[in-house]
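Here's an informal walk through a two-chain model, going from overall numbers down to a few individual residues. Have the viewer open while you read.

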Amino acid sequence: MSNLGQLETFTAGAEIAVDVAQIERQLHVLWQLASESAKDPTQRAITRASLLNLVAYCETDAARNHATETISTLTTRHPCRAIVLLAKPYESRDELSASISALCHLAGGGRKQVCCEQISICASGEGTGRLGSAVLPLLESDLPTVIWWQGNFLARPGLFLRLATVADKLVYDMSAWEAPEVFLGAVQRLAVDQQRCSLADLSWTRLEFWRKLTAECFDNPRCRAVLDRIRSVEIAHGNGPGARLRALLYGGWLAAQLRWTPQEALAKIRLNSRDDAYATAVGLLSVELKTADATICIRKNYGDRTASVQVTMPQVCDLPRKRAFWPTDDAALLSEELDHAAPDLVRQWALAMAAALLPLLRET
Amino acid sequence: MHETQLPQNPLHEGLIRQRTPGPCVLVIFGATGDLTHRKLFPALYNLAHEGQLPSSFAIVGFARRPKTNEEFRTELRQGVEQFSRFSPINPAQSGVNPAVWDALAQGIYYHRSEFADDKGYGSLGELLEQIDRTHGTAGSRLFYLATAPTDFARIIQQLGALGLVHRVRNQTASQRIIVEKPFGRSLDTARELNRVLAGVFDERQIFRIDHYLGKETVQNILAMRFANEIFEPLWSQKSIDHVQITVAESIGVEGRGAYYDNSGALRDMVQNHMMQLVSLVAMEPPISLEAEDIRDEKVKVLRSIRPIAPEQVQQFTLRGQYDRGSIAGKQVVSYHEEPNVALDSRTETFVALKLFLDNWRWAGVPFYLRHGKRLPKQAAEIAIQFKAPPAVLFAAEQAAPLQPNVLVLRIQPDEGIAIRMNAKVPGAAMNIQPVKMDFRYGGSFGARSPDAYERLLHDAIAGDSTLFTRRDEVECSWSIMDAILEGWKDESPPAVYESGTWGPVEADQFIEKDGRQWRRP
């Protein structure tokens, strides 16, 4: 393929196979070509930008495709050097291959293409053991490194620990794990142990909408006064992936923020599951908080993507207030996590409390 | 584990979208006007779309025309469809998310009244109390004056007289007011408006809007200056030769002839927006990012500006007025031919100023300000021109002297930062040429930035006055402008310039006499 042909393929987002050892060199050549392709240097058609290294770890082709699509959306707000790793340790072939592509979008009135680069490395068999050494030299200097691990990182301790030493943040989604509750304690300990790398669970990030709506119920000083008189909390959730875990995390969060002891929390919180074909990705259906004379109910509405809040208590007669759910796809959640680098202490407290509330799951 | 004492609302702790403000009713006076439809409601919808409005939130449109709630909501939705940044690229599609709109629309009300009618304010009070009961807004109010400036004082006084405002002291509910520009047309009128406001509101309840401060790139001036160690040591008279601030518009008065002819470029653009830019570029580091700390530093800059006495206006200022010409290949009329402009008008549509800041950091560094209508293109930028490097080293090999470094903060369009530096051209000879390093927001962050009104409305609802101007800022700025306006009274008419050029030829002479040149933005 000619240089220009290769450039067109590259900037169109198609993958170009490269030798693992030649990735940087090949990227340099292609960006150089892109830079020289415009006749007027002040109107160069392509701009490169990078705010971070994003390493996405996948174990299936479907997860890899999902990562590529998500990163493509994400780069409009968080331009990055994206490195997508596909590990297939159970395949017999011992292989390590790589490809590069550009993620471009139009900016500046549709005239300019703003591009990031995606490096894909596929390893199978014993080649997966060499993934770490392939990734480390590809990380751009002076930029933070975020690892987005699709799957259970505790199941791949070797690679995980190698990458974690250079990572500033690890993003994962426990709702995609098999029996995630089993790992709550281990993840919580890891979060405490990891000094350099902060942990972010997208399953928790998805709860933000419900947490916020709950918090806003108590902005009115009259409502806030009942916070320390809550007698019961009923959390209804669907049966979709991670819904039960998130209901538990929500309960853990509420209990931790209200300084309940685990015993108090176990006595006050109840989880109920029911089938709901229209459940959102979050999976919560309703939350009801009760005191002796007040009820605060947050309920997902049927028929549209909204939730309503109803506060029933003396001297407060609010209409049910509606709020539209905000997006909870992986690109939106990752974007939120990338915007916030600091360790999330509230999540750690919630996680610790959720681990203590595991007996609740036996009742559902 | 964390401490045992409960903070005010512990459930807000750690939320990523922490900045959602508390409960509030927004009352917009002049709710049927262009500003409401083109800017305010699209901004409110965008905030709702991003989950940045409180769930206990309602909006009351106050205006003279008869209209039902439903008619008002329908009109607003049309404005949102047209002007929201979430509008689709394909106009055939509706860009309004029904769930977001429905949630917002359930709290939108219309209240018809004359601005001078006592009864109208009485019934507004009843409506607000009803909204407090049904929407949980807890008595918090944000009044927005989006009317003609002539109505400002009357509305403020009515709000006070009919008990719709409580002073901030001893109140849990917040009550604030946003005042649109123009804030007065002279020092006296600005002071009078401030006096009327102070009769009803405390200063911390008053939010004087200058939409330039809501622009991402204007806010970024602070970030660039104080979050990067490399610039600050150079940011003074030791390294900087001069500063040029240009706000160029290619449009004319665009149907605002009556207003503009009574106002002019100095009042319309320089007194507010450009003086804010001067303040942000020249201010000392504030001790914190709290509103008062930032505004204290900005005021110090304004106070340090050397006054231009009326007899000095010829030396330090220049006025122009556009004639016929062409912009982007299209013929345009002269200022005098614009509708509602007096045939003998001497109102300036172009202004150039040379200001000196008499303080330690900026002693002897001229700030050249230039603004005009019907210039070749729309551009707003701040150019920091550094002193030329010593010529001794490369003089023998260079045909021309080395170009000084320039740091350009582009505010619009194509927001970003560019640095001109000198570099060796590849080859055997030591040939040094200027090269431009260009950082463009659009090139690094593809997502569309929030509109200025989004940020400003959000901050006002949240009670953060950092991006609003304080009483002393406004008055300080007017005192500088008043002296210039006084000097212009006896001056010859403004210099005429052809539309589509960079202003009158006198503008070039104005800066060239100092041995400098205007930049071409």
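## Chain totals and a few residues

Chain A exposes about 15,100 Å², and carbon and sulfur atoms supply 52% of that. Keep in mind that this is a predicted model, and the values here are computed from it.

Sticking with chain A for a moment, it has 14 helices and 15 strands. Its C-alpha trace spans about 75 × 50 × 35 Å along the principal axes. If you average the charge positions, the 39 positive and 41 negative charges of chain A end up with centres 5 Å apart.

Over in chain B, you get 15 helices and 16 strands. The accessible surface there is about 22,400 Å², with 51% of it belonging to carbon and sulfur atoms. The C-alpha atoms of chain B fill a box of roughly 80 × 70 × 50 Å, again taken along the principal axes. For 521 residues, a compact globule would have a radius of gyration near 24 Å, so the 25 Å of chain B agrees with that. Chain B carries 59 positive and 64 negative side chains, and the centres of those two sets lie 1 Å apart.

What share of the contacts in chain B with a separation of 6 or more comes from residues 24 or more positions apart? That share is 77%. The corresponding value for chain A, among contacts between residues at least 6 apart in sequence, is 74%.

### The cores

Nonpolar side chains tend to be buried together in soluble globular proteins. In this model, the largest nonpolar core has 144 residues, and Phe29(B) and Phe367(B) touch the most other members. Helix H9 (residues 265-282) of chain B gives this core its largest share, eleven residues. There's also a second, separate core of 97 residues, with Ala134(A), Val135(A), Ala215(A) and Ile269(A) among its members.

Back to Phe367(B): setting aside neighbours within four places in sequence, its contacts include Val243(B), Val278(B), Val281(B) and Ala282(B). Leu353(B), Leu355(B), Leu357(B) and Trp362(B) are also in contact with Phe367(B), and so is Lys354(B).

### Three residues up close

Is Thr261(A) buried, partly exposed or exposed? The table has relative accessibilities for this residue and two glutamines.

| Residue | Relative accessibility | Class |
|---|---|---|
| Thr261(A) | 34% | partly exposed |
| Gln385(B) | 15% | buried |
| Gln412(B) | 17% | buried |

Both glutamines count as buried because the cut-off is under 20% relative accessible area.

Thr261(A) sits in the loop between helix H10 (243-257) and helix H11 (262-268) of chain A. Its C-alpha is separated by 9.6 Å from that of Ala356(A), although the two are 95 residues apart along the chain.

Gln385(B) belongs to strand S12 (residues 379-386) of chain B. Beyond its neighbours within four places in sequence, Gln385(B) is in contact with Ile240(B), Asp241(B) and His242(B), plus Pro404(B), Asn405(B), Val406(B) and Arg420(B).

Gln412(B) is part of strand S13 (residues 406-412) of chain B. Which residues are in contact with Gln412(B), leaving aside its neighbours within four places in sequence? They are Tyr212(B), Lys215(B), Gln378(B), Ala379(B) and Ala380(B). C-alpha to C-alpha, Gln412(B) and Thr217(B) are 8.1 Å apart in space, with their positions 195 residues apart in sequence.

Note on methods: Residues numbered from 1 in each chain as written. Chains lettered and ligands numbered in written order. Heavy atoms only, no water. Helix = DSSP H or I, 4+ residues; strand = E, 2+ residues; numbered from the N terminus. Rg over C-alpha atoms; globule rule 2.2 N^0.38 Å. Contact = heavy atoms within 4.5 Å. Areas by Shrake-Rupley, 256 points an atom, 1.4 Å probe, with all protein chains shown as cover. Lys, Arg positive; Asp, Glu negative; His and termini not counted. Charge placed at Lys NZ, Arg CZ, Asp CG, Glu CD. Core = buried A, V, L, I, M, F, W, Y, C linked by side-chain atoms within 4.5 Å. Buried < 20%, exposed > 50% of the residue type's maximum accessible area, 1.4 Å probe, protein only.
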